[in-house]
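Let's take a friendly walk through a protein model together. Have the sequence and the 3D view ready as you read.

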Amino acid sequence: MKNIILVINLIIIICFSGCKLVDNTNSSLPEDDKYFDMRGHVNTVKGAYQLTIDDNYLFVGDGENHLSTYDAYVPWNMSMLSTIIFKQALNGRIYESVRDWRNNLYAACGKDGFYIFNTSNPSTPTVIDFNNNVKGKSIDMDNDLIAITTDNGWNLYTINSSNSLSLSYSKIFFEKEPRKIRIKYPYLYVSSETDLEIYDITMVSSPLSVRIVDLNDMRDMKIIDNYLISITNNQLIFIDIIQPYAAYMVQDIDLSNFSISPTAFSIQGNKLIIASDDMKLHYFILNSLESIVERGYKTFDYYIYDIDFSDDYYYLSCGPLGIYSLQINNVND
């Protein structure tokens, strides 16, 4: 594919599928949902605000301390398997969760603490441990290491031979608030409202800060191959982490050109989908790290809080509307 980009008042993008003119002063397209193949929908107990898919099971957190499990083996016919109330409290929720090969689900629940669920039988999940003092909203894991934010820093845990957690290190921030945390061993990535800080965690008991990259108002981030990709209130940012101690921003794409203030995103190959705070789901083609081309968008009846992907299907948590599954069509423009 050959791309030619000229930035004046118009962006001219020439590719194998033809020529597109995009008005750079207001590049949102008219609504075009032909690319979105809505495959399935299921209602949830108290809404859907966070989801994790693993081994064809959806683990969904709502707004009232429920963990619900759904069979997504057939994405167009999802069905509930179980729901449990893990804490008797109002307005509690799971913010992020990860599931490991032991079938344990580790959940960051904000003010309600840090929970571990045994999901070996998705029809009867159980709480096996919790820590009410770890009030984080972001969590990630790599092999036997788990990192979770706290209300004023982050903790690093090692999973021991008895499948319980041992605290390896605890970091306290004094002048900033942690937002998202990701691991790609032997490095740990922690974002705040002002920057991204990278740690070498080869020695898990004494991590070493090796790099700080300016990154304001970050809302979500993912590690894909050798890049850390993040969204802010109006930007899509690519950070090269081939050498984490020399990490640098490769590209900063201004999403305000597309009238988007993002809430969640997913990148699969060259397909980029972004949920925005005006209840729209946008579909882009990522031509390179220098340009994205908007194909169309679909309007939902509620906010999209979370997006996960498995086996060619996207899963969307849409608050009180429940969960939707969809595919992206390869439409010939």
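What follows goes from the whole chain to its cores, and then to single residues.

## The whole chain

Keep in mind that this is a predicted model. The average pLDDT of the protein chain is 86, and 88% of the residues score at least 70. One stretch to treat with care is residues 1-28, where the pLDDT is below 50. In the model, that stretch has 54 contacts beyond near neighbours in sequence.

How many helices and strands are there in the protein chain? The protein chain has zero helices and 31 strands. It has 333 residues, of which 50% count as buried. Among contacts with a separation of 6 or more, 43% are between residues 24 or more positions apart.

## Two nonpolar cores

The largest nonpolar core contains 17 residues. Leu281, Phe300, Ile304, Ile307, Leu316 and Leu326 have the most contacts inside it. Four strands each give two or more residues to this core: S26 (271-276), S27 (280-286), S30 (313-317) and S31 (323-328). There is also a second, separate core of 15 residues, which includes Ile229, Ile253, Leu286 and Ile292.

Leucine 281 is a good residue to click on. Setting aside residues up to four places away in sequence, leucine 281 touches a list of partners that includes Phe36, Ile273, Tyr297, Phe300, Leu316 and Leu326.

## Leucine 272 and its surroundings

Leucine 272 is found in strand S26. Is leucine 272 buried or exposed? Its relative accessible area is 0%, so leucine 272 is buried. The C-alpha atom of leucine 272 is 6.1 Å from that of isoleucine 285, although the two residues are 13 apart along the chain. Not counting residues up to four places away in sequence, leucine 272 touches Leu236, Phe265, Ser266, Ile267, His282, Tyr283, Phe284 and Ile292.

## Threonine 149

Next, move to strand S14 (residues 145-149), where threonine 149 lies. Threonine 149 counts as buried because its relative accessibility is 2%, and the cut-off for buried is under 20%. The side chain of threonine 149 also reaches the backbone nitrogen of lysine 137, at 3.1 Å. Leaving aside neighbours within four places in sequence, the contacts of threonine 149 include Val134, Lys137, Trp154, Pro178 and Ile181.

## Glutamine 268

Glutamine 268 belongs to strand S25 (residues 262-268). With a relative accessible area of 27%, glutamine 268 is partly exposed. Its side chain makes a polar contact of 3.3 Å with the side chain of serine 266. Which residues is glutamine 268 in contact with, leaving aside its neighbours within four places in sequence? They are Phe309 and Tyr314. In sequence, glutamine 268 and phenylalanine 309 are 41 residues apart, while their C-alpha atoms are 8.4 Å apart in space.

## Rings and charges

Aromatic rings are easy to spot on screen. The model has 16 aromatic pairs. Ring pairs also join Tyr49, Tyr302, Tyr303 and Tyr305 into a cluster. Some rings have the charged end of a lysine sitting over them, and this table lists two such cases.

| Charged residue | Ring | Distance to ring centre |
|---|---|---|
| Lysine 176 | Phenylalanine 173 | 5.0 Å |
| Lysine 222 | Phenylalanine 265 | 5.1 Å |

Phenylalanine 265 may sound familiar: it is one of the residues that leucine 272 touches.

## Backbone details in the loops

Some backbone angles deserve a look too. The peptide bond running from tyrosine 185 to proline 186 is cis, and its omega is near 10°. Where does proline 186 lie? Proline 186 is in the loop between strand S17 (178-184) and strand S18 (187-192).

Asparagine 103 has a phi near 70°, a positive value in a residue other than glycine. This asparagine is in the loop between strand S9 (96-99) and strand S10 (104-108). Asparagine 103 is partly exposed, with a relative accessible area of 24%.

Methionine 279 also has a positive phi, near 70°. Methionine 279 lies in the loop between S26 and S27, and both of those strands give residues to the largest core. At 28% relative accessible area, methionine 279 is partly exposed.

Methods:
Residues numbered from 1 in each chain as written. Predicted model: local features only at pLDDT ≥ 70, side-chain atom pairs only at ≥ 80, totals over all residues. Heavy atoms only, no water. Buried < 20%, exposed > 50% of the residue type's maximum accessible area, 1.4 Å probe, protein only. Polar contact = N/O pair within 3.5 Å; in protein donor to acceptor, adjacent residues only side chain to side chain. Contact = heavy atoms within 4.5 Å. Core = buried A, V, L, I, M, F, W, Y, C linked by side-chain atoms within 4.5 Å. pLDDT = per-residue confidence, 0-100. Phe/Tyr/Trp six-rings, centres within 6.5 Å; stacked < 30°, edge-to-face > 60°. Lys NZ or Arg CZ within 6 Å of the ring centre and 35° of its normal.
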